[in-house]
Amino acid sequence: MEKSNFLEVVGSSSTAKVLQYLIEGRHFDYTLTDIAENGGVSWGTLHMVFPKLIKQKIVIKTRDIGRAKLYKINTENQVARKLMDLYDYITLNTLKRHQEKEIVVTT
């Protein structure tokens with residue numbers, strides 16, 4: 001599996017993978033199972049990483065559905081906002097570079 005541009009810059013730690021998943025889906029909330037399965041980390045690793053993100057208020061609990069708790073990136077948190085800005089910057093910069101390459105190749 002190819003690393004994303006965000007993970008190429010910040011490293012592919014478990015925390016970075018969880019943050020990337022939550023940043024990409026910043027408008028949605030997720031269960032821990034969703035985050036583990038789709039974020040590319042194991043259940044055990046998620047349970048080591050996630051409490052730190054909660055403690056720093058980078059991730060917040062949004063609601064309960066039955067026994068499941070749902071979480072999302074905290075868009076009100078300064079650190080989380082800066083991480084989202086970094087993710088967006090890296091993504092846009094990568095797109096611009098690809099567009100420039102296409103222009104050079106087609107002309």
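**Exercise 1.** What span should the 13 residues of helix α4 (residues 43–55) have at 1.5 Å a residue, and how far apart are its end C-alpha atoms?

*Solution.* The model examined here is a predicted one. Begin with the rule that the expected span is 1.5 Å times one less than the number of residues, which for the 13 residues of α4 gives 18 Å. Then turn to the model, where the end C-alpha atoms of α4 are 19 Å apart, so the two values agree.

**Exercise 2.** Describe the course of α4, its buried residues and what covers them.

*Solution.* Following the helix along, one finds a bend of about 25° at Val49, with a proline, Pro51, coming within four residues after that. Val49 is also one of the buried residues of α4, together with Leu46, Phe50 and Leu53. The cover over these buried residues includes the helices α2 (14–24) and α3 (32–39) as well as the strands β2 (59–65) and β3 (68–73). Finally, just after α4, Lys57 takes a positive phi of about 60°.

**Exercise 3.** Decide whether Arg26 and Leu86 are buried, partly exposed or exposed.

*Solution.* The cut-offs needed are under 20% relative accessible area for buried and over 50% for exposed, with partly exposed in between. Arg26, which is found in the loop between α2 and β1 (30–31), has a relative accessible area of 16% and is therefore buried; among the residues that Arg26 touches are Lys72, Met84 and Tyr87. Leu86, in helix α5 (residues 78–106), has 31% relative accessibility and so counts as partly exposed. Leu86 also joins Val9 and Val10 in a nonpolar surface patch, whose accessible area is about 230 Å² together.

Key. Residues numbered from 1 in each chain as written. Predicted model: local features only at pLDDT ≥ 70, side-chain atom pairs only at ≥ 80, totals over all residues. Heavy atoms only, no water. Patch = residues over 30% accessible without salt bridge, like charges linked within 9 Å, V, L, I, M, F, W, Y side chains within 5 Å. Areas by Shrake-Rupley, 256 points an atom, 1.4 Å probe, with all protein chains shown as cover. Salt bridge = Lys/Arg side-chain N within 4 Å of Asp/Glu carboxyl O. Helix = DSSP H or I, 4+ residues; strand = E, 2+ residues; numbered from the N terminus. Buried < 20%, exposed > 50% of the residue type's maximum accessible area, 1.4 Å probe, protein only. Bend = angle between axes of the 7 residues up to and from the residue. Contact = heavy atoms within 4.5 Å. Lists of a residue's contacts leave out its neighbours within four places in sequence.
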